[in-house]
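Biologist: Could you take a close look at one part of this protein for me, the nonpolar core, and then walk outward from there? A connected account would suit me better than a list.

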Amino acid sequence: MSTEQPKKTISIGIDFGTSKIAISFCDKNQHIQTVTLNNGSSITPAWLRFISDTPKSKMSFVVGEQAKYPKDQLKYDDTFYNIKRFLGKTFEELQDESESLGFEFNEENGHAVVVVGSQQPKPNTFRPKEIAALFFKTLMNQIKMEMPDLVRPNMFVGVPVKMTAEAVQDLTEAAKLGGFETVDVITEPIATVLYYLDANRESAAKNFIVIDIGAGTTDISCIQKNADGYYESVYSDGNNDLGGNNFDAIIAEMITEKVREIDPYFYIIRPSDLVSERLNKRSRLNILKKVSEDTKIAFSTKPQVEIEFKNLLTENDMKNTVLLHELNINDTFNLQRSEFINKAQDLFDDIKDTIYGILKHATVQLKKFGKIILVGGGARIPGVKEAVTKAMTRVNKNGNCKIETEDKMTTVFEGCAIHASKNLGTNVFSNIIQRSSYAVGLSVSGVFETFVPREVVLPVHFEKTYECEKGEKEIVLRFYKTEIELKKNVEYRTNCMGFKHLADVKIPPGDSVKIEVDVDLIGNTAIKATLRNGQVLKGGMLVDTSSLNKELLALKKHIENTINFN
C-alpha cells in the first residue's frame with residue numbers, strides 16, 4: 001500500500017497586465033491568498049531582463065523589480081516591458097512600435113520575434129509568447145514555494161474585453177509553456193465584479209458598470225443579475241489603445257523636451273548612428289520608460305516631481321566624456337503635475353468619448369445599473385476620475401453617476417482566483433454568465449444562416465455538416481459575424497458596415513465538410529473546417545490542434561536550450 005500523500009490541486013488567479021503581474025490562490029478554507037513576489041509585494045512590474053555572462057553561455061533572466069531597478073542601475077540592455085502588447089501581433093504590426101519602445105523585432109518562419117543580445121556576434125531571438133512564458137514560469141515557481149506539493153492548478157487569467165483571438169491564444173500558450181497545464185480566461189471586468197461580491201458579501205448591489213483603465217487598454221462592461229439569480233455580462237466593449245501607457249508617453253515627451261535642449265538626438269535613432277550607439281539609445285528609451293512610469297505614479301500624490309539627469313543615463317553614457325562635458329549629471333529639473341494635466345487634456349477627452357461612445361450604444365437600460373466601479377492603475381492618474389465622472393454624467397443625465405473607485409490593485413487576480421474556485425461562500429463561480437454580443441453565421445448564395453445566435457451563453461460550440469453533390473459547382477460558405485438582429489433565411493448585404501467577414505470555406509463537388517464554430521468566454525470566434533477524408537482546411541481557419549502541440553514542444557525545447565533556470 002502506497003504511503004505517498006496526494007498532491008494538492010488549487011484554484012489560481014493571475015493578472016498578466018501590461019505593466020504588472022500578480023498571482024493569488026484559494027486556500028483550503030476558501031479564502032483568497034495573495035502570493036508575495038521577490039520584491040516583497042503581491043504586485044511586481046511586468047519587466048524582464050536577460051543576462052548573459054559570455055556569448056556562448058546560456059542566458060539567465062530576472063523579472064520585476066530586479067529588471068526595472070537593477071543593482072547596476074545603468075545597465076538596461078536586453079530589458080523588456082509591455083510584452084502583453086506584443087502577443088498575437090505580426091512582424092509588421094510590431095515594427096510600428098519598434099522605434100518608440102527601443103526594441104528590435106525580426107521575422108522568422110512567418111512569425112514575429114524579439115531580438116535579444118543584439119550586441120553579441122549571434123543574437124538570440126524569441127517569440128513574444130516565449131518571453132511571456134518566462135513571466136508565467138516565475139509565477140509558477142513562486143506559487144510552488146508557497147505550496148511545494150502543488151499539482152495541476154486550475155488557473156484563470158484575466159484579459160481585456162477586446163483582446164484578439166490571436167493574443168488570447170498566445171497568452172494561454174505562454175501560460176502552458178510556463179508550467180500551467182489548465183489555462184482559462186475571464187474578462188477583467190467580470191473578475192472585478194467577482195472580487196467585489198466576495199469582498200462585500202452583504203451588498204445588495206445587483207447591476208454593475210465596470211470601467212477598467214489599465215496600462216494598455218480601457219474596458220467597459222455592463223454586468224447584471226438576472227431573474228434566475230445569475231450575473232451576466234450583458235454588454236462589453238473597449239479600446240485596446242487607450243490606457244496608462246498613453247500618459248507615460250506624455251511624461252516621456254516632457255522629459256525629452258528638457259533633454260533636447262542639451263542634445264537634440266539623445267533619444268532619436270538615426271541611420272548614421274553606429275550599431276553601438278543604436279543599442280545605447282535603446283537602453284536610454286528603457287530608462288525613459290521607467291522614469292516616466294514612476295513620475296506618473298508620483299503625480300497621484302505630489303504636485304511636482306524632481307528628475308535627476310544622471311538617472312536618465314546608461315552605463316555607456318557615463319563613459320562618454322564628450323556627453324559628460326555637455327551635460328552636468330548632477331543637474332535636476334522639475335516636472336509639474338499641472339503641466340502634465342494640461343498636456344493630457346486630449347487623453348481625458350479620449351476617455352470621455354470612449355466611455356460615452358460605448359455606453360450610448362449599449363442595448364440595456366443604464367439607469368438600472370446602480371453600482372459604477374472604476375478600477376485599474378489608470379484610475380489613479382490625476383484627472384482620470386474626473387473625466388470618467390463627466391462621461392457618466394453625459395451618458396446617464398437623470399441616473400446615478402457616483403463613481404466608486406476600487407484602489408486595491410489586487411482586484412483582477414483575486415477575482416480570477418474566485419472564478420477558478422467552485423466552492424467559495426458566495427458561490428459566484430456558478431452564477432456568472434457571459435453572452436455573445438453578436439451573431440455568427442454564413443451566407444450561401446446571399447442567404448444568411450445563423451450558426452451562433454446573439455445572446456447565447458458563452459463559451460459555446462456549434463457544428464454542422466454540408467455536402468456538395470457530384471456534378472454541382474463547388475459551394476462557398478462565407479462566414480461573418482454581425483451585431484445586426486437577423487431573421488431566418490433572409491438575404492443581407494454582407495459587405496455593409498454591420499458585418500465583419502471571418503473566412504471562406506470551399507466544398508469541392510462530391511465532397512462534404514464538417515464546420516465547427518467555437519466562441520470563447522470573451523467572444524473570440526474560431527472556425528474549423530474538416531473534409532470527409534479528415535483533412536483540415538486552412539486559409540483563415542483554426543488549424544488542427546496536433547500541429548499546435550508540436551509547435552509548443554518546439555518552443556519549450558528552444559527555451560530550455562537557451563535559458564538557464566538555475
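Modeller: Happy to! Let's start at Ile14, with the reminder that this is a predicted model. Leaving out residues up to four places away in sequence, Ile14 touches Ala22, Ile23, Phe136, Leu139, Met155, Phe156, Val157, Gly158, Phe180, Phe413 and Cys416. Ile14 belongs to the largest nonpolar core, a set of 59 residues, and is named with Phe50 and Phe180 as having the most contacts inside it. Helix α3, residues 128-146, gives the most to this core, with nine residues. There is also a second, separate core of 53 residues, which includes Phe247, Ile255, Ile287 and Leu323.

From Ile14 we can step to Ser24, since Phe413 is a contact of Ile14 and also of Ser24. Ser24 sits in strand β2, which covers residues 20-26. Its relative accessibility is 0%, so Ser24 counts as buried. The side chain of Ser24 has a polar atom 2.9 Å from the backbone oxygen of Phe413. Setting aside neighbours within four places in sequence, the contacts of Ser24 also include Ser11, Ile12 and Gly13, then Ile32, Gln33, Thr34 and Val35, and finally Glu414 and Ala417.

Another buried polar residue to visit is Glu293, in helix α7 (residues 275-298). Glu293 has a relative accessible area of 7%, and because the cut-off for buried is under 20%, it counts as buried. Beyond four places in sequence, Glu293 touches Ser19, Trp47, Lys68 and Asp248. The C-alpha atoms of Glu293 and Ala252 are 8.7 Å apart, with their positions 41 residues apart along the chain.

For a helix that is mostly covered, look at α5, where eleven of the twelve residues are buried. Those buried residues run from Glu188, Pro189, Ile190, Ala191, Thr192 and Val193 to Leu194, Tyr195, Tyr196, Leu197 and Asp198. The geometry of α5, residues 188-199, agrees with expectation, because twelve residues at 1.5 Å each should span 16 Å and the end C-alpha atoms are 16 Å apart.

Now we can step back to the whole protein chain. Its secondary structure comprises 13 helices and 29 strands. Of its 566 residues, 51% are buried. Among contacts between residues at least 6 apart in sequence, 66% join residues at least 24 apart. The chain exposes about 27,000 Å², and carbon and sulfur atoms supply 47% of that area.

Note on methods
Residues numbered from 1 in each chain as written. Predicted model: local features only at pLDDT ≥ 70, side-chain atom pairs only at ≥ 80, totals over all residues. Heavy atoms only, no water. Helix = DSSP H or I, 4+ residues; strand = E, 2+ residues; numbered from the N terminus. Buried < 20%, exposed > 50% of the residue type's maximum accessible area, 1.4 Å probe, protein only. Contact = heavy atoms within 4.5 Å. Areas by Shrake-Rupley, 256 points an atom, 1.4 Å probe, with all protein chains shown as cover. Expected span 1.5 Å × (residues − 1). Polar contact = N/O pair within 3.5 Å; in protein donor to acceptor, adjacent residues only side chain to side chain. Core = buried A, V, L, I, M, F, W, Y, C linked by side-chain atoms within 4.5 Å.
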